[in-house]
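Hi everyone, thanks for coming. Today I'd like to walk you through a structure that may be new to you. Let's bring it up on the screen.

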Amino acid sequence: MRTETPVAVKLAEYKPYPFSIDEVRLEFRLVPASTQVRATLKVTPAGNGPMRLDGESLQLKSIRLAPEGSPLADIGSDAFTADEHGLTLHTPPAGPFLLETVVEISPETNSALSGLYMSGGRFCTQCEAVGFRRITFYPDRPDVMSSFKVRIEAEKAAYPYLLSNGTPGEAGDMDGGWHFAEWDDPHKKPGYLFALCAGDYDVLRDSFTTASGAHVDLGIYVDKGEAPRAAWAMDSLKRSMRWDEETYGREYDLGVFNIVAVRDFNFGAMENKGLNIFNSAYVLADESTATDADFEAIESIVAHEYFHNWTGNRITCRDWFQLCLKEGLTVFRDQNFSADMRSRPVQRIKDVIKLRARQFAEDAGPLAHSVRPDTYASIDNLYTSTVYEKGSELIGMLRRQIGPESFRKGMDIYFERHDGQAVTIEDYYACFEAATGKDFSQFRRWYVQAGTPEITVEENWDAASATLTVKLAQSTRPTNGQPVKKPVPVPLLSALLDGKGGHAAAEGQAAEPFLYVLDRESAELVFKLPAGAPRPLLSLNRDFSAPVRLKRMLSRDDRLALVRAETDPFNTWDGLQALIKEEILTLADGSQTVPDTALVAAIGEAVRGALQDPAFAALLTRLPDVGELFLEREPADAVALAAARRKLQASIAVELAAEIADTLAQASPAPYNPGAEQASVRALRSAFIMLLGGRGDAADMLAELYRNAPNMTEQLSALRALTVSAGPGREEALADFEAQWKSNALVMDKWFSVQAGLGSAEDVRRLVTHPDFDLRNPNRVRSVIAAFAMQNLAAFHAPDGSGYRAVEETILAADKANPALGARLLTAFEQWRLLEPKARAEAEACLRRLVAAGLSPNAMDIAHRALDGDTKG
Ligand code: TRP
Ligand code: ZN
């Protein structure tokens, strides 16, 4: 196999940069095919030795240098060496100096969407993690922080708005129809937070007054004609700003905060100082084009990027190994914001669904890595669910163990102590040690060890002595490169349930939930109850207090009793999920042919009992995704699992027929409001519409629901249900939807993704040749390839390999243009080793064909790890 993966970077090899960059001045002359960038760095050496600057795909035009007090002068070509990855000044001055470089770059041909590129005829940038080096020669690492002054020049008619970080300075007209604008960002920042946008936009403007009375101008820059669709993003922004003041005492620190929406973007959004850049999918929404899920995602991503202003920008990472320092913490903050805006238990359930679907799968496969890894080959591939979502869980466990007051105290110390610095996870935990006097060295194992801990629970009730004995044991399976795991502290929020809706008290304990921390391999808990007391039921890992997999040896009847006795909404939901998982597995392996009537009745009972909290009721109707079930039984047969899942879904639809009919006979709430209350009502309506899709005899009703849908949430639910049901109304609805929305790219992404996510490999082959399929637009590529390969597992992992072949060429082509995108798509193969033999062989063959065909270094890193990864350690 040809190896093109770059050599691994190692945490242990960290060395501070031997120069400080005291100030940066950047001057841009923007032309799509050849933009000129002049960078002037004010440098102070910390020692003596060569100066290394990163630079990629830059055409060097000139390089000049000036020791302090002297004028800039060309340096000889023997004074520096340039290579593919940068430039080395052999003997820079020993004292402070100015360094000026002029380079030319080509935004027009930049299809990687990293650095300066064009999207929809406008200029924009993406510099995290290592895109700044594609703009100018610079020490492109997060621990080199500097203040930036920027001057942008461009043709005025084509690019009327010229934006960068900080606050605007001088602006004016130039000769030849050009104009310029200057921006000044006084806050020291690393290059990865630099941003520039230029073009014509519509602008939604608003303002915010901070708690201490400072005025902030807010602007959201969008496609012409779209400004009204940015209203929800603006509203979310103002609520985020207030929330960070109220929850963490953090105010915004500049007079301007801008958001720019771009169509072509590799991720959700980017937290550039004072100039966030967003994937337009997470800015634009109204009731007719966006679903409640879209509104919810916008709210949380706007908050996430805004919260980075403190956790990420003012305090940043020393190196990219510390990525979770900003991402895990910021996800934790945005999840809590969403919980405060909506329902906390519903938010928790949704966060856990996402964690289990993505992070547990990652942790169980060859791409498993720790939250703070100590080596990586490609930094772009470290933006993972483990770093983000598990990183957030670790902060949640910290907070739960020390309590909200100590947590806030530690955060205050962190903001106070490290403002303006680039720091490490150790620095972060030192703040909590200062706040509590506790030692977190064992807790920090969570950052070092990959894999999801499994907790086995054995319960024994002795009626004679009224004693419940609980044996707990933890273990973590070996992961790539980590054969031996040590115990981690597992905070288990627990309670004894009395079976009557309340809690039981053991001797010496109150009748209320308690936190038990399992900090060793195994432990035994003994609960002595008053003589003659009935057996209490044990509620464990309430609110999903630890990101672990619980293995409980309980019968179906015990589990049902536990669900009925639960007092924790998360566990009520999760108890049912566990039962449903078991049921699907049993149906899939053929040991049972029809769904258990008692279980179906219990689901019906739970849903009926929750109708006054419709969002929660909707979650109770949810069936685990096929991918989640992969982790439960090996080898995994995606086709059998999907069929079993459909069977159970159909039974639930029959069980709830009356409620479904009742609910859908009512009108959808009007006038439309995207807030939590109405969204909750629509969540249940949508869940019921999806259940109808599983019945196979509801085509007429679905067609009518589709035709009369008053908003996109219900229109899309009906379209999905019709697509699943594969009945006569399917083609008609899909054609109607396309005709209605063909000029709205974001809505058309949904049209593509419904078919790829619920259709066949044939559908995918057809979709990638559709005239609106665009290899250069990541949203569109993901709407087909990721929807198919990550959500439609029965079709993707078809035993004849047809699913793999349907996406192979598109992945190769996408990767050629955009390595970050190619690598991301390839992660769909991470579970191949878990599959039944036929699909497994086809998946491996496909991976090997991709490698042989030639992948980008980013994609090669994923492919190699997926193929060579020996999960047995
Ligand atoms: N820091 C961004 C975020 O959390 C993530 C991001 C946006 C990103 N664009 C990127 C990461 C490009 C790597 C490459 O919210
Ligand atoms: Zn982030």
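I'll go from the overall layout to the metal site, and then on to some helices, loops and strands.

One thing to keep in mind from the start: this is a predicted model.

Let's begin with the layout. The protein is divided into four parts: domain 1 covers 9-200, domain 2 covers 316-448, domain 3 covers 454-546 and domain 4 covers 635-868. How many ångströms separate the centres of domain 3 and domain 4? Taken over C-alpha atoms, those centres are 39 Å apart.

Now for the inside. In general, nonpolar side chains in soluble globular proteins tend to be buried together. Here, the largest nonpolar core has 159 residues. Which of its members touch the most other members? They are Met51, Phe194, Val283, Phe407, Tyr428 and Leu472. Let me pick out Val283 from that group. Leaving aside residues up to four places away in sequence, Val283 touches Ile220, Val222, Arg229, Ala230, Ala233, Ile259, Ala261, Phe278 and Ile298. Apart from that core lies another one, of 115 residues, and Ile584, Leu691, Leu722 and Val781 are among them.

Next, the metal. Please find the zinc ion, ligand 2. What coordinates the zinc ion? His304 and His308 each do so through NE2, and Glu327 does so through OE atoms, at 1.9 to 2.8 Å. Along the sequence, these donor residues follow the spacing H-x3-H-x18-E. Two of them link distant parts of the chain: His308 is in the loop between α2 (292-307) and β22 (316-317), while Glu327 is in helix α3, and they are 19 residues apart. Are His308 and Glu327 buried or exposed? Both are buried.

And why is the arrangement around the zinc ion called irregular? The 6 donor atoms there subtend angles of 26 to 161°, which makes the arrangement irregular.

Since Glu327 sits in α3, residues 323-341, let's stay with that helix for a moment. With 19 residues at 1.5 Å a residue, α3 should span 27 Å, and its end C-alpha atoms are 27 Å apart, which agrees. Of those 19 residues, 17 are buried, so α3 is largely enclosed by the rest of the structure.

We can do the same check on helix α11, residues 597-609. Its 13 residues should span 18 Å at 1.5 Å a residue, and the end C-alpha atoms are 18 Å apart, so this agrees as well. Which residues of α11 are buried? Leu599, Val600, Ala602, Ile603, Gly604, Ala606 and Val607 are. What covers these buried residues includes α9 (556-565), α10 (569-588), α12 (614-620), α14 (638-655) and α16 (676-693).

Two of those covering helices bring us to some details of the backbone. In the loop between α13 (626-630) and α14 we find Pro635, and the peptide bond from Glu634 to Pro635 is cis, with omega near -5°. In the loop between α15 (657-665) and α16 we find Pro671. The bond from Ala670 to Pro671 is cis too, again with omega near -5°.

While we're on loops, here are two residues other than glycine with a positive phi. For Leu113, phi is near 60°, and this residue is in the loop between β9 (97-105) and β10 (115-119). For Ala726, phi is near 50°, and its place is the loop between α18 (712-725) and α19 (729-741). Buried or exposed? Leu113 has 4% relative accessibility, so it counts as buried. Ala726 has a relative accessible area of 55%, so it is exposed.

Last stop: two residues in strands. Thr40 belongs to strand β3, residues 35-45. With a relative accessible area of 17%, Thr40 is buried, because the cut-off is under 20%. Beyond its neighbours up to four places away in sequence, Thr40 touches Glu23, Val24, Arg25, Leu98, Leu99 and Glu100.

The other residue is Glu155, in strand β12, residues 146-155. Its relative accessibility is 40%, so Glu155 counts as partly exposed. With the same sequence neighbours left out, Glu155 touches Gly177, Trp178 and His179. Glu155 and Asp173 are 18 residues apart in sequence, and from C-alpha to C-alpha they are 9.6 Å apart in space.

That's the tour. Thanks for listening!

Terms used:
Residues numbered from 1 in each chain as written. Chains lettered and ligands numbered in written order. Predicted model: local features only at pLDDT ≥ 70, side-chain atom pairs only at ≥ 80, totals over all residues. Heavy atoms only, no water. Core = buried A, V, L, I, M, F, W, Y, C linked by side-chain atoms within 4.5 Å. Buried < 20%, exposed > 50% of the residue type's maximum accessible area, 1.4 Å probe, protein only. Contact = heavy atoms within 4.5 Å. Donors = N, O, S within 2.8 Å, 3.2 Å for Na, K, Ca; no water. Tetrahedral: all angles 85-135°; square planar, octahedral: opposite > 155°, others 65-115°. Helix = DSSP H or I, 4+ residues; strand = E, 2+ residues; numbered from the N terminus. Domains from an automatic or database assignment. Expected span 1.5 Å × (residues − 1).
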